Amino acid sequence: MDNMTQLPLINEKLFKQHSPVTSNTDITEFVPYIGIAQELHIANVLGEMLMSELCAQIASNTLSEVNSNLILKIAPALSFYAVYQALPFHWATIVNKGITIRESENSKGIDIKDLAQLRQWVKNDADLLKAQLVGFLSKNSIDYPLWLPENHCSPEPKFDSGFYFRD
């Protein structure tokens with residue numbers, strides 16, 4: 001993808017409104033994950049042409065009314081996927097000495113099993129929100145003639161409980 005499509009589709013305000021992080025959280029460490037989540041989970045739903053149009057309109061501050069509505073539908077899924085991508089790096093940090101678990105004096109960090117469960121819950125919600133986005137695009141396809149998803153996304157989400165049972 002070109003540089004234009006690397007532009008985040010949502011801003012920090014939309015992220016904070018739609019993500020599961022608390023309202024008083026400093027989200028600067030989540031911001032880089034918006035672009036990663038966008039590339040990994042949203043770009044293929046929108047397709048290259050619609051993605052390029054959205055980015056161009058955002059860059060030039062000329063977002064059409066239908067595309068503005070689309071951004072509001074993208075925001076929940078993109079926010080949840082950004083949190084999903086960021087969670088491991090908020091639990092642990094990669095430093096010169098290796099990987100360290102983040103803890104503070106006033107709180108107790110969760111263990112890797114809890115993190116895995118939390119990530120699964122966030123991903124399940126994100127997948128459902130993405131399915132709703134696909135449903136919105138399908139229902140309003142006349143408003144989005146550039147919508148040609150790269151892989152044919154089904155509006156039906158796959159549910160994964162996150163539990164693993166050994167044989």
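A nonpolar core here is a set of buried Ala, Val, Leu, Ile, Met, Phe, Trp, Tyr and Cys residues joined through side-chain atoms within 4.5 Å. Buried means under 20% relative accessible area, exposed means over 50%, and partly exposed is in between (1.4 Å probe, protein chains only).

This is a predicted model, where local features need pLDDT of at least 70 and side-chain atom pairs count only at pLDDT 80 or more, while totals for chains, interfaces and linings use all residues. Residues are numbered from 1 along each chain as its sequence is written, and side-chain values use heavy atoms, with hydrogens and water left out.

**Exercise 1. The overall layout**

Work out which pattern of helices and strands the protein follows along the sequence.

Solution. Start with the elements: helices (H or I, at least four residues) and strands (E, at least two) are DSSP runs, numbered from the N terminus. The protein has five helices and two strands. Put in sequence order, they read α-α-α-α-β-β-α. Next, burial: 37% of the 167 residues count as buried. Finally, look at contacts, meaning heavy atoms within 4.5 Å. Among those between residues at least 6 apart in sequence, 73% join residues at least 24 apart.

**Exercise 2. The core**

Find which residues have the most contacts inside the largest nonpolar core.

Solution. The largest nonpolar core has 41 residues, and the ones with the most contacts inside it are Leu9, Phe15, Ile42, Leu46, Leu70, Ile74 and Leu137. Now ask who supplies it: H1 (12-18), H2, H3 (48-59), H4 (65-91) and H5 each give at least two residues. The largest share, 13 residues, comes from H4. Then zoom in on Phe15: leaving aside neighbours within four places in sequence, Phe15 is in contact with Ile10, Val21, Ile27, Phe30, Ile34, Ser79, Ala82 and Val83.

**Exercise 3. Two helix pairs**

Decide how H2 is oriented relative to H5, and do likewise for H2 and H3.

Solution. Two packed helices are described by the angle between their axes and the distance between the axes. Axes are lines fitted to C-alpha atoms, for helices over the stretch in contact, and angles run from 0 to 180 degrees between N-to-C directions. The classes are roughly parallel under 35 degrees, roughly antiparallel over 145, roughly perpendicular from 65 to 115, and oblique for the rest.

- H2 (residues 31-46) and H5 (residues 112-139) pack at about 15 degrees, with axes 11 Å apart, so they are roughly parallel.
- On handedness, a crossing is left-handed if the near helix is turned anticlockwise from the far one by less than a right angle, and right-handed if clockwise. H2 passes H5 in a right-handed crossing.
- At this contact, His41, Ile42, Val45 and Leu46 of H2 meet Lys130, Leu133, Val134 and Leu137 of H5. Sorted by class, they are six nonpolar, one polar and one charged. Here Ala, Val, Leu, Ile, Met, Phe, Trp, Tyr, Cys and Pro count as nonpolar, Asp, Glu, Lys and Arg as charged, and the others, Gly among them, as polar.
- H2 and H3 pack at about 110 degrees, with axes 6 Å apart, so this pair is roughly perpendicular.
- The contact of H2 with H3 uses Gln38, Ala43 and Leu46 from H2, plus Glu48, Leu50, Met51 and Leu54 from H3. By class, that makes five nonpolar, one polar and one charged.

**Exercise 4. Buried or exposed?**

Say whether Gln85, Ser19 and Asn61 are each buried or exposed, and place each one in the fold.

Solution. Take Gln85, found in H4. At 15% relative accessibility, Gln85 counts as buried. Beyond neighbours within four places in sequence, Gln85 is in contact with Tyr33, Ile36, Ala37, Leu40, His41 and Arg119. Gln85 and Lys123, 38 residues apart in sequence, are 9.2 Å apart, C-alpha to C-alpha.

Move to Ser19, in the loop between H1 and H2. Ser19 has a relative accessible area of 9%, so it is buried. Not counting residues up to four places away in sequence, Ser19 touches Ser79, Phe80 and Val83.

Last comes Asn61, in the loop between H3 and H4. Asn61 is exposed at 72% relative accessibility. Check its backbone as well: phi of Asn61 is near 55 degrees, a positive value in a residue other than glycine. Most residues other than glycine have a negative phi.
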